[in-house]
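This report looks at aromatic rings and at charges placed over them. The sequence and the structure come first.

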Amino acid sequence: MKILLVEDDKFFREFYAFKLKEKNIEVGQAGDGEEALQIIPQFKPDLILLDLIMPKKDGFELLQDLKSNPSLSQIPVLVFSTLGQQGDVDKAKQLGAKGYVNKSFFNFDNLLNMILQLSDAAKRDHPERA
């Protein structure tokens, strides 16, 4: 499995990448939405793990870009953010996010289970991506 981790905080990005790599997951990294859009075509992630609060292009803007691009809209996105208000969750899901995990209540096993569930669902819904 290949995950693109889009997170502006380098310490957290490298920590999450390390934990995911321990589970034999290939991890690409981007520091903001602009960088993510440059990396996605070459990296071809199975899932995007996305922070919302970032410079240049935030997570909401990246979700909008992904949704409007037919070749990218099939990639499941799991939002991983400290924004926990229901309005933020709803907005992210309206823009195409398949799940939402609040970083403030971080539990790696729960995050990993959500990633695996979304990956399995994506394989069922889009076997050509498997």
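## Aromatic rings and nearby charges

Lys 19 lies over the face of Phe 108, at 5.3 Å from the ring centre. In this model, which is predicted, a charge is also placed over the ring of Phe 43: the charged end of Lys 2 sits there, 4.6 Å from the ring centre.

The structure also contains four aromatic pairs. One of them joins Phe 11 and Phe 12, whose ring centres are 5.5 Å apart with planes at 70°, so this pair is edge-to-face. Angles over 60 degrees count as edge-to-face. Another pair is Tyr 16 with Phe 80: here the centres are 4.9 Å apart and the planes stand at 70°, so this pair is edge-to-face as well. Tyr 16 belongs to helix H1 (residues 10-22) and Phe 80 to strand E4 (residues 77-81), so the pair ties together parts that are 64 residues apart in sequence.

Phe 11, Phe 12, Phe 15, Tyr 16 and Phe 80 make up one aromatic cluster. How exposed or buried are residues of this cluster? The table gives the relative accessible area for Phe 11, Phe 12, Tyr 16 and Phe 80.

| Residue | Relative accessible area | Class |
|---|---|---|
| Phe 11 | 61% | exposed |
| Phe 12 | 35% | partly exposed |
| Tyr 16 | 4% | buried |
| Phe 80 | 2% | buried |

In the pair of Phe 11 and Phe 12, Phe 11 is exposed and Phe 12 is partly exposed. In the pair that links helix H1 and strand E4, Tyr 16 is buried and Phe 80 is buried.

Key
Residues numbered from 1 in each chain as written. Predicted model: local features only at pLDDT ≥ 70, side-chain atom pairs only at ≥ 80, totals over all residues. Heavy atoms only, no water. Phe/Tyr/Trp six-rings, centres within 6.5 Å; stacked < 30°, edge-to-face > 60°. Buried < 20%, exposed > 50% of the residue type's maximum accessible area, 1.4 Å probe, protein only. Helix = DSSP H or I, 4+ residues; strand = E, 2+ residues; numbered from the N terminus. Lys NZ or Arg CZ within 6 Å of the ring centre and 35° of its normal.
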